[in-house]
Protein chains: 2
Amino acid sequence: MTAPAASFVDACIRFLGPSHVLTDPRDTEPYVVDWRKRYRGDACAVLLPADVQEVAAVVRLAHEHRIAIVPQGGNTGLAGGATPDSTATQAVVSLKRLNRVRDIDPHNNTITVEAGVVLAEVQARAKGAQRLFPLSLAAEGSCTIGGNLSTNAGGTGVLRYGNTRELCLGLEVVTPQGEIWDGLRGLRKDNTGYDLRDLFIGAEGTLGIITAAVMKLHPAPVAKVTALAGLASPHAALDFLSMAQRHAGPLLTGFELMSDFSMRLVGRHFPQLRYPFGEPHAQTVLLELSDSESDDHARALFERMMEEALAEGIVEDAVVAENLAQSQAFWNLREHIPLAQAQEGLNIKHDIAVPISSIGRFIDETDAIIAQAVPGARMVTFGHLGDGNLHYNVQAPEGVDQKAFLTEFQTPINALVYEQVHRHRGSISAEHGLGQLKVDEAMHFKSPVEVRLMQTIKAALDPDNLMNPGKVVRWNAHAGKENTA
Amino acid sequence: MTAPAASFVDACIRFLGPSHVLTDPRDTEPYVVDWRKRYRGDACAVLLPADVQEVAAVVRLAHEHRIAIVPQGGNTGLAGGATPDSTATQAVVSLKRLNRVRDIDPHNNTITVEAGVVLAEVQARAKGAQRLFPLSLAAEGSCTIGGNLSTNAGGTGVLRYGNTRELCLGLEVVTPQGEIWDGLRGLRKDNTGYDLRDLFIGAEGTLGIITAAVMKLHPAPVAKVTALAGLASPHAALDFLSMAQRHAGPLLTGFELMSDFSMRLVGRHFPQLRYPFGEPHAQTVLLELSDSESDDHARALFERMMEEALAEGIVEDAVVAENLAQSQAFWNLREHIPLAQAQEGLNIKHDIAVPISSIGRFIDETDAIIAQAVPGARMVTFGHLGDGNLHYNVQAPEGVDQKAFLTEFQTPINALVYEQVHRHRGSISAEHGLGQLKVDEAMHFKSPVEVRLMQTIKAALDPDNLMNPGKVVRWNAHAGKENTA
């Protein structure tokens with residue numbers, strides 16, 4: 001450990017007490033490796049402050065000793081954003097002890113939570129007040145709301161309720177100088193200055209540490225009903241989306257696309273999950289309605305919609321879930337795609353978004369480009385069509401060694417896919433963030449003006465580059481300094 | 001005119017041509033006075049660039065000559081944000097010639113418009129594509145989308161669709177250095193760095209000039225139905241709001257509160273507008289449902305809701321509009337309150353927001369405080385209860401001279417109201433922005449940390465303070481410089 005790091009750790013031990021400053025590698029292990037085990041770092045210490053005042057004090061100590069800080073929530077990120085580098089000079093600040101629900105206000109439809117509250121707990125507390133907190137994603141049992149905010153997490157409810165950004169009204173943040181910004185406002189309208197809230201959301205801890213938030217709640221729907229439809233192409237799925245939005249308006253809360261090969265993979269590895277149609281379809285769409293009236297109302301709406309779609313030849317076949325169990329069974333098909341992929345072996349993953357109207361062309365073109373580059377490559381394409389967000393994953397051809405495939409093709413296939421995303425004015429990271437995984441690609445594809453704006457903001461708010469350095473943006477100490485006339 | 005200003009104006013004439021550089025006071029008059037005529041400025045010139053390249057070139061010239069720029073849209077702002085100061089050294093840059101609809105994409109539910117497109121035109125173009133652009137406000141026939149974005153305008157659709165911020169997916173911006181940031185992305189999900197978009201939205205032209213935007217469209221509802229309810233108190237209105245949200249979920253698109261005195265004023269000055277209840281109620285609520293099914297479906301939903309509210313004693317009386325004409329008549333009552341106020345005479349206006357759950361207490365307490373300060377003062381309280389946003393206006397006691405009342409009481413009553421807003425963690429400018437009207441108040445009520453964050457961002461992006469100086473935030477050239485450890 002370097003001398004400044006040792007002196008910083010001593011100061012933290014004096015302030016937080018030895019049990020909240022972890023330095024033994026057996027204790028720090030869970031905090032210095034990301035959960036997919038793609039990144040392993042080393043930290044001078046893992047700090048466990050109890051509240052916002054302790055977080056602020058720790059940041060002031062770090063500032064004084066010039067120690068870089070890596071904030072961490074549930075450590076379930078997919079881009080290495082919460083993993084320290086390997087120099088053993090950075091400190092992980094875990095927010096997990098800031099786990100209080102400070103307030104729930106059903107009349108204002110808000111809940112005020114600390115950063116370390118687990119997402120499932122926020123959902124449960126909302127439900128207890130007859131409200132819905134609609135953010136929902138695979139890691140909800142262990143991810144924390146602070147991490148969701150810092151990465152602007154997406155998930156399955158975005159079509160109707162938006163990303164985490166759209167669910168947040170106010171924040172409490174510790175600045176890089178260790179001051180506390182109390183922006184915990186629970187207001188739907190507030191036009192009194194710059195939107196600091198949205199600057200910290202999605203910044204992955206590089207501009208400050210989110211310690212608490214006021215989150216929006218929604219009225220709880222009384223019924224959720226799902227349906228499946230089989231279609232001939234992504235283009236048909238787009239027409240179907242427009243029709244579903246016209247019929248159901250804001251009641252449509254889910255619209256997920258699943259390619260034929262995705263369904264075959266689920267069938268192969270989870271044969272107990274039944275695909276409800278007699279024959280395969282090039283694309284299957286899962287729809288969800290959330291209704292304030294009744295199950296019957298939602299089902300009747302679905303049936304009118306499906307009748308029209310069948311009559312117009314937009315869908316080839318359709319089935320509406322008859323009960324909660326069947327609704328869940330349809331969701332199971334969708335949720336088992338990533339698991340079936342994992343069973344099948346390694347693949348090259350992409351979390352991309354394009355304008356919804358471009359999805360059909362994007363898939364057609366990119367599939368053809370990849371087929372030319374790797375004949376026989378199998379496309380596991382699925383995702384949140386209603387948000388323009390695809391998990392566009394490339395699996396080795398049948399019988400080809402997976403590891404060798406990855407070694408040879410990961411870099412060129414990433415380049416092909418990202419180039420296509422760029423051509424369609426899309427995003428190379430729709431919902432997972434940049435972390436350390438995609439910083440270089442982001443800096444490459446963004447315009448120099450956009451990179452400079454990001455660097456200017458980073459250098460102004462965190463001039464010593466102590467907040468999660470190396471994540472999200474490449475450091476440029478001089479950014480903005482040349483702006484003076 | 002100062003020498004640098006004269007030299008700048010010459011350069012602009014050479015670049016834009018003399019017909020697009022206004023200097024004659026008869027030509028510049030409409031651009032240097034705000035439409036409420038509360039602010040009168042003087043400009044070295046009014047510049048009328050035709051496209052984003054011309055805007056960028058003008059900003060580069062201004063940067064070179066160190067001339068401050070005041071961007072202007074439809075000049076309908078309520079806080080003096082688009083009016084130059086009186087030194088004749090600033091240039092107004094009008095965006096009105098950037099008035100092209102660049103693209104409309106119904107499958108992506110987006111429209112790409114230049115800053116100078118009038119709001120009503122955006123609404124009409126959306127309607128032509130069987131879509132809804134839900135932003136709606138009194139000035140929609142003359143305000144422009146660039147101004148709506150720069151002030152994050154609110155209006156009557158916020159309960160369901162959000163403020164202008166929530167309706168925007170991407171921006172094109174000319175930076176203070178005259179570079180063009182092309183952030184015109186039409187994506188629902190994009191987690192690749194800092195949220196520059198939301199930093200420019202609501203910044204009132206102090207960080208750059210918005211020249212174009214990708215705006216969200218929504219499916220067009222097939223039916224809009226309104227209803228009125230009479231209630232005993234703001235507290236009952238809150239209970240009623242919760243009930244309405246439970247019944248109607250996202251179909252509830254309007255929930256407006258109108259005090260008894262507001263209704264009496266409308267009755268006095270517009271006797272042709274009929275209040276539909278036999279007797280007055282302390283509060284009247286206007287509700288609107290936007291339905292994807294049918295008029296009948298919306299009306300049936302309203303009737304179930306009203307039956308329950310009457311049975312539980314939450315509302316005293318209720319009526320559901322039987323047809324479009326009656327729906328419009330109910331909206332007319334609401335929309336004529338500001339006009340009736342103007343007929344009645346001058347009053348002291350406040351555009352405030354508090355958490356929705358606090359509205360009842362806020363009104364009770366503040367009414368009592370004002371009654372003590374000015375016995376007989378008449379409260380014109382109305383607004384977007386569903387957003388926690390009240391127009392809380394104070395009219396002179398019956399028979400008191402209005403001008404003398406304003407002179408004596410405007411400052412102390414503002415102080416009393418803002419102090420109450422602050423106590424309830426509210427906003428002193430819910431939807432109108434700060435402009436030059438409320439900068440001092442905002443700087444007073446915000447914490448030093450928040451002011452410093454705003455000043456740091458301003459000084460980093462616009463280090464010469466040339467973008468709409470004096471608006472939104474007090475200039476501090478050293479903000480952020482002391483951040484270094």
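How many residues of strand S13 (residues 252–259) of chain A are buried? Select that strand in this predicted model, and you will find that eight of its eight residues are buried, so that S13(A) counts as mostly covered.

Keep S13(A) displayed and add strand S14 (residues 283–291) of chain A, which pairs with S13(A) in the antiparallel sense over seven bridges. To see one such position, pick Phe255(A) and then Leu287(A), its bridge partner in S14(A). Next, bring in strand S18 (residues 378–384) of chain A, where the pairing with S13(A) is again antiparallel but runs over two bridges; here Met258(A) stands opposite Phe382(A).

Now show both chains and turn to the interface, where 96 residues of chain B are in contact with 96 residues of chain A. Between them the chains bury about 7,900 Å², with 53% of this area on carbon and sulfur atoms. Select Lys189(B), Asn191(B) and Tyr194(B), which together supply 13% of the area that chain B buries against chain A, more than any other three residues.

For the charged and polar pairs, note that there are 14 salt bridges between chain B and chain A, and zoom in on Glu293(B) and Arg304(A), a salt-bridged pair whose closest N and O atoms lie 3.2 Å apart. Across the interface, 58 residue pairs are in polar contact. Among the elements giving two or more residues to the side of chain B that touches chain A are helix H8 (234–248), helix H10 (295–311) and helix H15 (448–461) of chain B. End on H15(B), which gives the most to that side, with 10 residues, and colour the whole side by residue class to see 34 nonpolar, 36 polar and 26 charged residues.

Methods
Residues numbered from 1 in each chain as written. Chains lettered and ligands numbered in written order. Predicted model: local features only at pLDDT ≥ 70, side-chain atom pairs only at ≥ 80, totals over all residues. Heavy atoms only, no water. Contact = heavy atoms within 4.5 Å. Buried area = accessible area lost by both parts, 1.4 Å probe. Salt bridge = Lys/Arg side-chain N within 4 Å of Asp/Glu carboxyl O. Polar contact = N/O pair within 3.5 Å; in protein donor to acceptor, adjacent residues only side chain to side chain. Helix = DSSP H or I, 4+ residues; strand = E, 2+ residues; numbered from the N terminus. Nonpolar A, V, L, I, M, F, W, Y, C, P; charged D, E, K, R; others polar. Buried < 20%, exposed > 50% of the residue type's maximum accessible area, 1.4 Å probe, protein only. Pairing = 2+ DSSP bridges.
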